[in-house]
Each structure stands twice: as structure tokens, then as C-alpha cells.
Amino acid sequence: MKTFRRTLLAALSVAAFAASFQAAAQDFKPRIIRFGYGLNEVSNQGRATKLFAQEVEKASGGKMKVRAIGAAALGTDLQMQQALIGGAQEMMVGSTATLVGITKEMAIWDTPFLFNNAKEADVVLDGPVGQKVMDKLQEKGLVGLVYWENGFRNLTNSKRPVAKLEDMSGIKLRVMQNNVFLDSFKTLGANAVPLPFSELFTALETNTVDGQENPYNTILSSKFYEVQKYLTVTNHVYSPWIVLVSKKYWDGLSKAEQKVLLDAAKKSRDFERQDTRDEAAKALADLKGKGMQVNELPAAEAGRMREKLGAVNASIAANVGEDLWKEVQGAVAAARK
Ligand code: TK8
């Protein structure tokens, strides 16, 4: 009886395996997914993209292949977004900040000092309001899958250490192509210039701009330490990255294929956040080792900056709508408890 049951079980599981394999074969078409990103292959963005590609290939039995293309070789964030909307490219990862021209609600994440730490960011971004903002992209032809961590942004420049608000004055500072960043740094007295990330290294090298702001990880992986002397720890805003799919492409996928992409995106998100945090924890020491002069912004000066940026908050709230503003403030307060 025992052996019979065992044989039966074995037969059943073979049948189940065959059935799932058959389902898999039907559900997955051979597909090549062009996945663009702006940083180097040897960056947190590059490493997580690689993991995403491996996961997609594995989960689809090798049917779905992700062709990862970094260093903005497929274009800047703005160009790739348009390629996704038009259906000429399948996927990308980039800053939420560069999406504001398409979906104004994304500007909520550009609120200076919105999050105090990464845990708060995770809770809010992965929660209902994070999803709500992400879903706004759909009517514009983009599907957001998950938020990755770009991270807390810090200021670098080649002119002088920034130790007080007035030191910002006249620094020609590259900002992302986004009005909140433009307004924020103008408000602080810098001469803010919007430029795509792909032009940033050269702009710093040729002194077209004096400075920029990005998380430690990016300052390291993009070798900005070669062309920037001073780093000021400001942590002025937490930047998310967002993994996007062309809606035209997404709508043509089977449910199983969509699930493969979403599951892999979530795995890559968890990996990416940990990797980014591990790297960031050591990055400041690395950057000092590379010759950067680092200073913390004194608390009183950070307070003055915060106060000045209050004006920017009001315009963000007006642009994204008071309801969304309040909802996010509420979610942050809840995450803080
Ligand atoms: C990469 C950019 C980058 C962002 C910037 O494409 O532009 O400064 O921080 O990560 O999206």
C-alpha cells in the first residue's frame, strides 16, 4: 500500500511538473527586453539591473532575455522615457525626478528633507501612496514596477567647502532636469543649471559647472571625485529610482510574463536597496581616500537651509495637489511612529 501510494505520488508530481512546464512553454514567448539605465555597469544601478536580468531569464525558462544597456547608451532618462512611451524601448530605470514633466505627482518625492532615513522611504514608497503615484504613469504610457534606492543626495563642488548657506552663493551647480531641484538650489543661492546626467562628468571636468549633488554611491561609481574636491554632507533629499516598462509593451505580454517581470523587479529592489546601503556605509571613507575633502553641514546651517526651502514645499504642494501632499505627510508621520 505504502509503495503504491509513493508511486502514485511520484506519478502525480511528474504530471504536475509536466503540466507546469507546458503552461510555461505556452505562457512565455521568446522575448528580448531592452533595459536602459544611466549609470555605469559597475554601480549599484548596474549590479541590480544584472540581477533583474538573471531573474527574468531564470523564471521564464530562458524565454525572456533582458539586454541591459548602461551608461545612457540608449539615451538620457528623458529620451528613454519617450522611447518607452512610443514603444521603441521596453524597459528602463531612472530617477523619479526626471519624470515630473510627464507625471507632475512624481514631484512629491523631490520634497527636500521629506524622509529622515531609508526605512521611512521604504515604508512610504512601497505603501499605498507610493503605488498611487506610480499608477499615475499609466495614463501617460508607462508602467512603474518598483522603486529602487538612488539615495540621500549630497553636495560636491570644485570651488570651496560649503559650511554655511552663504557658501552656496554663485556656485554653478548642475541639477536634474526638474523644476523642484532648479527652484530649490536657486532658493539657496546657487546658480542652478539643469543638465542630463550623461553630460555631467564632462561638464564638471571642463568647469562648465562647479558642482553637482548625488548620493555617495554615484559620486563614487561615476568617479566624480576625480573632478570634484569638496563634499558637503547635506542629505538634502532622498531620491528614488523607478523601474519602468513601456505600457504598449506591457499590454502585449501574457499575465505570466507580466508576473515574471514584477517578481524579478521586486527581487532586484530588495537586493538593490541592501547593496546601495552597504556601499554607502563605506563610501565616505572611500571618497576621502580618493582625496575628497569632506565636511558635515553644521546643524544650525542645515536648519537655515530647511527654512529657506519651506517656500519650495508650498509650490510642490500646489503642483501635486494638496490632497496628495497631505496623504504623503500622513504616511511619513505614520512611518515615523
Ligand atoms: C541616472 C540619473 C541619476 C540622477 C541624476 O540616469 O541625474 O543626478 O541622480 O541617478 O537618474
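Ala, Val, Leu, Ile, Met, Phe, Trp, Tyr, Cys and Pro count here as nonpolar, Asp, Glu, Lys and Arg as charged, and the others, Gly among them, as polar. Keep these three classes in mind as you look through the close-up views of this predicted model.

**View 1. The shell of residues around the ligand.** Start with the neighbours of the ligand: G38, L39, D77, S95, N150, R153, R174, M176, F197, N214 and W241. Sorted by class, this shell contains four nonpolar, four polar and three charged residues. You can try the sorting yourself by going through the names above, one by one.

**View 2. Polar side chains beside oxygen atoms of the ligand.** Three side chains are worth finding here. In S95, a polar side-chain atom lies 2.8 Å from an oxygen atom of the ligand. For R174, the distance from a polar side-chain atom to a ligand oxygen is 2.7 Å. N214 also takes part: an N or O atom in its side chain is 2.7 Å from an oxygen atom of the ligand. How much of the ligand's accessible area does the protein cover? On its own, the ligand has 310 Å² of accessible area, and the protein covers 98% of that.

**View 3. The largest cavity, where the ligand sits.** Rolling a probe the size of a water molecule over the atoms shows where empty space is left. In this structure there are two cavities of 30 Å³ or more. The largest cavity has a volume of about 220 Å³, and 23 residues line it. Closest to its centre are D77, S95, T98, R174 and F197. Two elements, α3 (77-86) and β3 (91-95), give two or more residues each to this lining. Which of them gives the most? It is β3, with three residues. By class, the lining of the largest cavity has nine nonpolar, eleven polar and three charged residues. The ligand of Views 1 and 2 sits in this largest cavity.

**View 4. The second largest cavity and its lining.** Now turn to the second largest cavity, with a volume of about 70 Å³. Around it you will find D110, P112, V180, F181, S184, F185, L188, H236, V237 and L309. Helix α6 (residues 179-187) provides the largest share of this lining, four residues. The class count for the second largest cavity is seven nonpolar, two polar and one charged.

**View 5. The largest pocket and the elements that line it.** The last view shows a pocket, the largest one, with a volume of about 250 Å³. Its lining is made of 17 residues, and those nearest its centre are Q131, M134, G144, L145 and L262. Look for the elements α4 (118-126), α5 (128-135), β4 (142-152) and α10 (255-289), each of which supplies at least two residues of the lining. The element that gives the most is β4, with five residues. Sorted by class, the lining of the largest pocket comes to eight nonpolar, five polar and four charged residues.

Note on methods: Residues are numbered from 1 along each chain as its sequence is written. This is a predicted model: local features need pLDDT of at least 70, side-chain atom pairs count only at pLDDT 80 or more; totals for chains, interfaces and linings use all residues. Side-chain values use heavy atoms; hydrogens and water are left out. A residue is near a molecule or strand if one of its heavy atoms lies within 4 Å of it. A polar contact is a pair of N or O atoms within 3.5 Å; within protein, one must be able to donate a hydrogen and the other to accept it, and residues adjacent in sequence count only if both atoms are side-chain atoms. Accessible areas come from the Shrake-Rupley method with a 1.4 Å probe; for residues, only the protein chains shown count as cover. On a 1 Å grid over the protein atoms alone, a cavity is a set of points where a 1.4 Å probe fits but cannot get out, and a pocket is an open set with protein on both sides within 12 Å along at least five of seven lines; lining residues have an atom within 4 Å of a point. A molecule sits in a cavity or pocket if more than half of its atoms lie within 2 Å of its grid points. Grid points are joined across faces, edges and corners, and a volume is the space filled by probe spheres set on the points.
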